[in-house]
Amino acid sequence: MDSRFSPAIERLLARFDAWEAEQSLTAERILAALVEDEESLPATRLVQAGLSLLRLRDWLTAPKVGISLSRGELLHTATQLCRESGQDQLTSDVLLLAVVELAPALCGQLVRLGFRPEQLRTAVVPENPLRPESLTPLQLSEPTELIATARVLDVGANRANESLRILDDYCRFVLEDRYLTESIKTVRHDLVATLNKLPDSLLLESRETIRDVGTRISTTGEFQRTEIREVARVNFKRLQEAFRSLEEFSKLLSVDVAAEIEALRYRVYTLEQAIVRGSDLRTRLRDLQLYVLLTGEQCVASLDWTIAEAAAGGAQIVQLREKNLPDRELFDRARRCADACRNAGILFIMNDRPDIARLVDADGVHLGQDDLTVQAARQILGPDKLIGVSTHNLTQLRQAILDGASYVGIGPAFATATKPHEPVAGLEFLRQAVTESTLPMFAIGGINLGTIQAVCDVGVTRVAVSSVIAQAEEPKLVAMALREALA
Ligand SMILES: Cc1ncc(COP(=O)(O)OP(=O)(O)O)c(N)n1
Ligand SMILES: Cc1nc(C(=O)O)sc1CCOP(=O)(O)O
Ligand SMILES: [Mg+2]
């Protein structure tokens, strides 16, 4: 073994020989090898720098002409970076940075997938490298205290990791949600990266699980799971506890590491809101596909009649969307619509106004990007009401998921006279959105009997419409035809 190289680099170099013999030592091939293990340091660094591993792997497996690299030049660059970072040993994340810096065309492709190269550089070659000696325990006078602290951290890291794996499975197989799965994975990678900042192998060397009485203690509660989402709830609780312990004990070794764990704990809290609470509300919307937005003045007939007809044709949610009414009239109209929806057995959502939604006991509120935040609306409406959010691009969609939206509007799919100034997001956004997450999504904007098939063709299963129902002589027939197209 060459002590200049980490074991991971040694293993990789052994593969280089075969690739060189085949004349296929390419930047893409090395990158693929570096991220084979999703828990590896390079994979962690890429996720931290904005890349989704799923997307990266999709891209890597697509056919392409590779960018050839020379082994000598690669090792030379990596060794220089290693010196810059103050490390004695070449590690796989430094090699990754060398690959990215030697192959600007590859870097450009990764940037298109969301990669932020400067973030990788800062992580791998920090301006003030956190040297192990700066982590030498300052407050721990006795070696036995150091060992005890290390054991607590080791146990905490294992617990956190176990819970994160379970939550990863929950998001992947129960919610089948790509974005939430990635978000949980990122927390796991970031935890590894944070704990890697502690002196080398401190955790592993002190592992004495056999002596850890805690591993043998269990309460009957640990074996009771009545519903699948209990698994998520319980594991979030365990995770928060593990993070709390990691945070407290790591303060004895490094305040920086403790601060990073605290930040991770807050991220986990946000994910818990989205995943646990979201699960209940998702279930409520599971079978709802047709959502109708109504404005009194745009209906060819009365609001009450339009609601009853639309519901008879298969509309399952009605939103009152009024932009020009004085509050008192708006309140009055909302109350009438809420009654009409209740009579028709469908959900009633109030646009823009959580206060009025609460006053009329609506099923929820819909918020745009400039309206009140989900968090503020939650304070007004409590935990059980639906909160929908309009999204027009992937960034907004991801934010809405983390904010705990119960559903999202995705659009505009097409240009629409109902909201003429909104730039069209288009079908490609709809396709990306349904691939990204399984949060209930209603495509909106210019959807009618002529355009609905194109919307379904990109994988959308729910739509929100306005003019096609409001201006129909027979809203019931239109609703039936829309449902038919969605079936
Ligand atoms: C289901 C649904 N999706 C999107 C919107 C649009 O909301 P917003 O962007 O706040 O615009 P206004 O409708 O308030 O003009 C919506 N209302 N419903
Ligand atoms: C109110 C609204 N919001 C949109 C968005 O993309 O956020 S599109 C839209 C108008 C929907 O009406 P119609 O079905 O008549 O096109
Ligand atoms: Mg709005």
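Mentor: A patch here is made of residues with over 30% relative accessible area and no salt bridge, with nonpolar side chains joined within 5 Å. Keep in mind that this is a predicted model.

Trainee: Which residues make the nonpolar surface patch?

Mentor: F173, V174 and I228 make the patch, which covers about 300 Å². F173 sits in helix α9, residues 143-174.

Trainee: Why is F173 called exposed?

Mentor: Exposed means over 50% relative accessible area. F173 has 56% relative accessibility, so F173 counts as exposed.

Trainee: Now ligand 2. What makes the T418 pair a polar contact?

Mentor: The cut-off is a pair of N or O atoms within 3.5 Å. An oxygen atom of ligand 2 is 2.5 Å from an N or O atom in the T418 side chain. That pair is therefore a polar contact. The T416 side chain offers an N or O atom at 2.6 Å from a ligand 2 oxygen. With S466, a polar backbone atom is 2.8 Å from an oxygen of ligand 2. The protein buries 96% of the 420 Å² that ligand 2 exposes when taken alone.

Trainee: How do you know that G368 makes a polar contact with ligand 1?

Mentor: A backbone N or O atom of G368 lies 3.2 Å from a ligand 1 oxygen. The limit is 3.5 Å, so the pair counts. For K323, a side-chain N or O atom is 2.6 Å from an oxygen of ligand 1. For K419, a polar side-chain atom lies 2.8 Å from a ligand 1 oxygen. The protein covers 91% of the 420 Å² of accessible area that ligand 1 has on its own.

Methods: Residues are numbered from 1 along each chain as its sequence is written. Chains are lettered from A and ligands numbered from 1 in the order in which they are written. This is a predicted model: local features need pLDDT of at least 70, side-chain atom pairs count only at pLDDT 80 or more; totals for chains, interfaces and linings use all residues. Side-chain values use heavy atoms; hydrogens and water are left out. A polar contact is a pair of N or O atoms within 3.5 Å; within protein, one must be able to donate a hydrogen and the other to accept it, and residues adjacent in sequence count only if both atoms are side-chain atoms. Accessible areas come from the Shrake-Rupley method with a 1.4 Å probe; for residues, only the protein chains shown count as cover. Patches are made of residues with over 30% relative accessible area and no salt bridge: like charges are joined within 9 Å, nonpolar side chains (Val, Leu, Ile, Met, Phe, Trp, Tyr) within 5 Å. A salt bridge is a side-chain nitrogen of Lys or Arg within 4 Å of a carboxyl oxygen of Asp or Glu. Helices (H or I, at least four residues) and strands (E, at least two) are DSSP runs, numbered from the N terminus. Buried means under 20% relative accessible area, exposed over 50%, partly exposed in between (1.4 Å probe, protein chains only).
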